[in-house]
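Hi,

Here is the structure I promised to send over. Have a look at it first, and then read on for what turned up.

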Amino acid sequence: MDSRQARHMDEAISPSHYQFTGWVTLEDGTRVRASIETKEYIKAVCQTLDGDEAWAVSNIIKYISRYRTKHRDNVKRDINKAIEYCDFLKEIIEEKETE
């Protein structure tokens, strides 16, 4: 596999539109540079959620995370998808409240 193929494979497994680097403030006030991939954040947020609720929240995070990077020519596309999943989440919560 040449370097071009390796880069393509890396992009397929960990797309750049799902990777974020920024500054984080620790509890002691120290600021450090940190990186996180969307799938790791989704795992952390959704680990205590059940089935449909986890599914909806994970899709909300996915679409909001990438809205400015994956479809640069149509940022509203991912925003609208996130809204759609927010509506699903609202329905899921409302169903749980009536049980």
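Let me start with helix α4, where the buried residues are D78, A82, Y85, L89 and I92. Keep in mind throughout that this is a predicted model. Part of the cover over those buried α4 residues comes from α3, residues 51–66. Helix α4 itself takes in residues 75–98, 24 residues in total. At 1.5 Å a residue that should span 34 Å, and the end C-alpha atoms are 36 Å apart, so the two figures agree.

Y85 is worth clicking on. Leaving out residues up to four places away in sequence, Y85 touches W55, A56, N59, I60 and Y63.

Stepping back to the whole chain: there are four helices and two strands, and from the N terminus the order is α-β-β-α-α-α. Of the 99 residues, 23% are buried. If you take contacts between residues at least 6 apart in sequence, 35% of them join residues at least 24 apart.

Now α3. Its buried residues are E53, A54, A56, V57, S58, N59, I60, I61, Y63 and R66, and they pack against both α2 and α4. The length check works here too: 16 residues at 1.5 Å each should give 22 Å, and the end C-alpha atoms of α3 sit 23 Å apart, so that agrees.

How do α2 and α3 pack, in terms of angle and distance between axes? The angle is about 150°, and the axes of α2 (residues 38–46) and α3 are 10 Å apart. Their crossing is right-handed. On the α2 side the contact uses T38, Y41, I42, V45 and C46, and these meet A54, V57, S58, I61, K62 and S65 of α3. By type, the residues of this contact come out as seven nonpolar, three polar and one charged.

Next, the core. In soluble globular proteins, nonpolar side chains tend to be buried together. In this model the largest nonpolar core has twelve residues: I42, C46, A54, A56, V57, I60, I61, Y63, A82, Y85, L89 and I92. Each of α2, α3 and α4 supplies at least two residues of that core, and α3 gives the most, with six. Y85 shows up again in this core, and A56, I60 and Y63, which are among the residues Y85 touches, are core members as well.

Two single residues to finish with. V75 is in helix α4. Is V75 buried, exposed or partly exposed? Its relative accessible area is 23%, and buried means under 20% while exposed means over 50%, so V75 counts as partly exposed. Not counting residues up to four places away in sequence, V75 touches Y67 and R68. The C-alpha atoms of V75 and I64 are separated by 9.9 Å, with the two positions eleven residues apart along the chain count.

The other one is A34, in strand β2, which covers residues 31–37. A34 has 32% relative accessibility, so by those cut-offs A34 is partly exposed too. W23 is eleven residues from A34 along the chain, and their C-alpha atoms are separated by 6.1 Å.

If you only have a minute, load the model and colour the twelve residues of the largest nonpolar core, then pick out α3, which gives six of them.

Cheers

Technical notes
Residues numbered from 1 in each chain as written. Predicted model: local features only at pLDDT ≥ 70, side-chain atom pairs only at ≥ 80, totals over all residues. Heavy atoms only, no water. Expected span 1.5 Å × (residues − 1). Buried < 20%, exposed > 50% of the residue type's maximum accessible area, 1.4 Å probe, protein only. Contact = heavy atoms within 4.5 Å. Axes fitted to C-alpha atoms, helices over the stretch in contact; angles between N-to-C directions. Left-handed = near helix turned anticlockwise from the far one by under 90°. Nonpolar A, V, L, I, M, F, W, Y, C, P; charged D, E, K, R; others polar. Core = buried A, V, L, I, M, F, W, Y, C linked by side-chain atoms within 4.5 Å.
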